[in-house]
Amino acid sequence: YISGTGAQAALEKRYLITEQFSFSLEAKFTAAYAEIPIADGTAKVPNYALHGLIGIGYDFWPVK
């Protein structure tokens with residue numbers, strides 16, 4: 001069953017290598033919280049994380 005909420009926020013910067021190829025860096029923050037029923041009560045479970053992502057891209061139809 002559903003027991004909590006979650007959210008995320010991210011920033012990305014894309015760098016063009018050529019007209020069609022690109023390289024990107026992204027930083028993302030995620031947060032989640034849940035209250036889970038267990039024996040004799042509930043468990044409160046927060047989860048906060050910072051992510052770093054690296055990506056490559058290819059534009060099949062570049063805008064000229």
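**Three strands, questions and answers**

Q: Which residue of strand 2 stands opposite Tyr15?
A: This is a predicted model. Strand 1 and strand 2 run antiparallel and are joined by 13 bridges. Opposite Tyr15, in strand 2, stands Phe23.

Q: Through how many residues does a hairpin join strand 1 to strand 2?
A: Strand 1 covers 4–16. Strand 2 covers residues 21–38. The hairpin joins strand 1 to strand 2 through a link of 4 residues.

Q: In what order do the 3 strands form the open sheet?
A: The elements run β-β-β from the N terminus on. The strands pair in an antiparallel way. Strand 1 and strand 3 are the edge strands, each pairing on one side only. The order of the open sheet is 1-2-3.

Q: By how many degrees are neighbouring strands of this sheet turned against each other on average, direction ignored?
A: The sheet is open and holds 3 strands. Strands of a sheet pair through backbone hydrogen bonds. Here, with direction ignored, neighbouring strands are turned against each other by an average of 10 degrees.

Q: How many bridges join strand 2 to strand 3?
A: Strand 3 spans 41–58 and is an edge strand. Strand 2 and strand 3 run antiparallel. The number of bridges that join them is 18.

Q: Which residue in strand 3 does Thr30 stand opposite?
A: Strand 2 is made of residues 21–38 and is joined to strand 3 by bridges. Across from Thr30, in strand 3, is Ala49.

Q: Of the 13 residues of strand 1, what is the number buried?
A: Strand 1 is an edge strand, with a pairing on one side only. It lies largely in the open, because the number of its 13 residues that are buried is 0.

Q: Is Ser22 buried or exposed?
A: Ser22 is found in strand 2. Leaving out residues up to four places away in sequence, Ser22 touches Arg14, Tyr15, Leu16, Ile17, Gly55, Ile56 and Gly57. Its relative accessible area is 10%, and the cut-off for buried is under 20%. So Ser22 is buried.

Q: Is Leu50 buried or exposed?
A: Leu50 lies in strand 3. Setting aside neighbours within four places in sequence, Leu50 is in contact with Lys28 and Phe29. Its relative accessible area is 70%, and exposed means over 50%. So Leu50 is exposed.

Q: How far apart in space are Leu50 and Ala31, C-alpha to C-alpha?
A: Leu50 belongs to strand 3. In sequence, Leu50 and Ala31 are 19 residues apart. In space, C-alpha to C-alpha, their separation is 9.0 Å.

Q: Which residue has a positive phi of about 65 degrees although it is not a glycine?
A: Most residues other than glycine have a negative phi. The residue asked for sits in the loop between strand 2 and strand 3. It counts as exposed, at 88% relative accessibility. The residue with the positive phi is Asp40.

Q: Are the rings of Tyr58 and Phe60 stacked, tilted or edge-to-face?
A: A search of the whole structure finds 4 aromatic pairs. In one of them, the rings of Tyr58 and Phe60 have centres 4.8 Å apart and planes at 75 degrees. Planes over 60 degrees apart count as edge-to-face. So the pair of Tyr58 and Phe60 is edge-to-face.

Q: At what angle are the planes of the rings of Phe60 and Trp61?
A: Phe60 counts as exposed at 59% relative accessibility, and Trp61 counts as exposed at 74%. Their ring centres are 6.0 Å apart. The pair is tilted, because the planes are at 50 degrees.

Q: Which residues form one aromatic cluster?
A: Tyr58 is partly exposed, at 38% relative accessibility. It is one member of the cluster. The full cluster is Phe21, Tyr58, Phe60 and Trp61.

Q: What is the radius of gyration of the protein?
A: The protein has 0 helices and 3 strands. For 64 residues the globule rule gives 11 Å, and the protein is well over that, so it is more spread out than a compact globule. The C-alpha trace spans about 65 × 20 × 15 Å along its principal axes. The radius of gyration is 19 Å.

Q: What percentage of the 64 residues count as buried?
A: The protein exposes about 5,600 Å², and carbon and sulfur atoms supply 63% of that area. Of its 64 residues, the share that count as buried is 8%.

Technical notes:
Residues numbered from 1 in each chain as written. Predicted model: local features only at pLDDT ≥ 70, side-chain atom pairs only at ≥ 80, totals over all residues. Heavy atoms only, no water. Pairing = 2+ DSSP bridges. Helix = DSSP H or I, 4+ residues; strand = E, 2+ residues; numbered from the N terminus. Axes fitted to C-alpha atoms, helices over the stretch in contact; angles between N-to-C directions. Buried < 20%, exposed > 50% of the residue type's maximum accessible area, 1.4 Å probe, protein only. Contact = heavy atoms within 4.5 Å. Rg over C-alpha atoms; globule rule 2.2 N^0.38 Å. Areas by Shrake-Rupley, 256 points an atom, 1.4 Å probe, with all protein chains shown as cover. Phe/Tyr/Trp six-rings, centres within 6.5 Å; stacked < 30°, edge-to-face > 60°.
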